[in-house]
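Here are my notes for you, with the strands and rings as the main topics. Keep the structure open while you read.

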Amino acid sequence: MSEPLQQSDIDQEIAALAGAAADHPARDYAPYRSTLLRHPRQPLVPIKDPEAVELSGPVFGVTDVTPMDSDLTKQHMSEPLGERITVQGRVLDREGRPVRNQLVEIWQANASGRYLHQRDDHPAPLDPNFTGVGRCLTGDDGSYRFTTIKPGAYPWRNHVNAWRPAHIHFSLFGTSFTQRLVTQMYFPGDPLFAYDPILQSVTDESARQRLVASYAHELSVPEFSLGYRWDIVLDGPSATWMEEGR
């Protein structure tokens, strides 16, 4: 049984979190309009017994994840429409060491730029053969791999003529929801980068570039799909930018 946290320990942890937040985009980034309504305004609330939170969360294991989960083009009876792509990379810690056996989930719009979600009223066609969600577990070398359809851009009403660049949402889990990180992967050369306040809220140029995958011809499957490589670094100076609560 671990010793209970003292108030001094809690204060130090909150101070560390506040320092880390300074390295992230502002939570109330004005050009990204919804952050003004949704970002936290109250001080952090210390949890004096974090182990109790951990015990109430889920534990993910290998038995629930199947090979079909990582191939979004084979989850239905027929093929989805759009450009097939392979996205592969590694999940690493700050020292470049692989993070093994971790759950990676993705969700995305279809090739027309529409999500299979009841609140998505974008007048673009749905694809009955594309759900837009997948998951896998990282291998011993920290690797993950998805086969999917390149998502389309879509309007999002943040400002006049607002369009989101093509992107795939990534969620990474430890052993519970309290260890969840969420980010987005973009595609190289997208002309919408300069017009997207979500991406532009990452004001550090090198950090913003780390959100963009690179085309990898060696990952392209002949006569089937184009390949993209995108590594995810969980912390440290080269960390991949993660979305915080807004």
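The points below go through one strand, its partners and some ring contacts.

1. A quick word on the ground rules: this is a predicted model, where local features need pLDDT of at least 70, side-chain atom pairs count only at pLDDT 80 or more, and totals for chains, interfaces and linings use all residues. Residues are numbered from 1 along each chain as its sequence is written, and side-chain values use heavy atoms, with hydrogens and water left out.

2. Start with strand β7, residues 167–172 (strands are DSSP runs of E, at least two residues, numbered from the N terminus). Six of its six residues are buried, meaning under 20% relative accessible area with a 1.4 Å probe, protein chains only. In a regular strand, side chains alternate between the two faces of the sheet. Here His167, His169 and Ser171 sit on one side, with Ile168, Phe170 and Leu172 on the other.

3. Who are the neighbours? β7 runs antiparallel to β2 (residues 103–107), with four bridges, and antiparallel to β8 (residues 181–186), with six bridges. Strands count as paired if DSSP finds at least two bridges between them. Val104 partners Leu172, and His167 partners Tyr186.

4. Now the rings: the whole structure has nine aromatic pairs (Phe, Tyr or Trp six-membered ring centres within 6.5 Å; planes under 30 degrees apart are stacked, over 60 edge-to-face, the rest tilted). Tyr186 and Phe193 are edge-to-face, 6.0 Å centre to centre with 85° between the planes. Both Tyr186 and Phe193 are buried.

5. Phe170 turns up again in one aromatic cluster with Tyr144, Phe146 and Trp230.

Terms used
Buried < 20%, exposed > 50% of the residue type's maximum accessible area, 1.4 Å probe, protein only.
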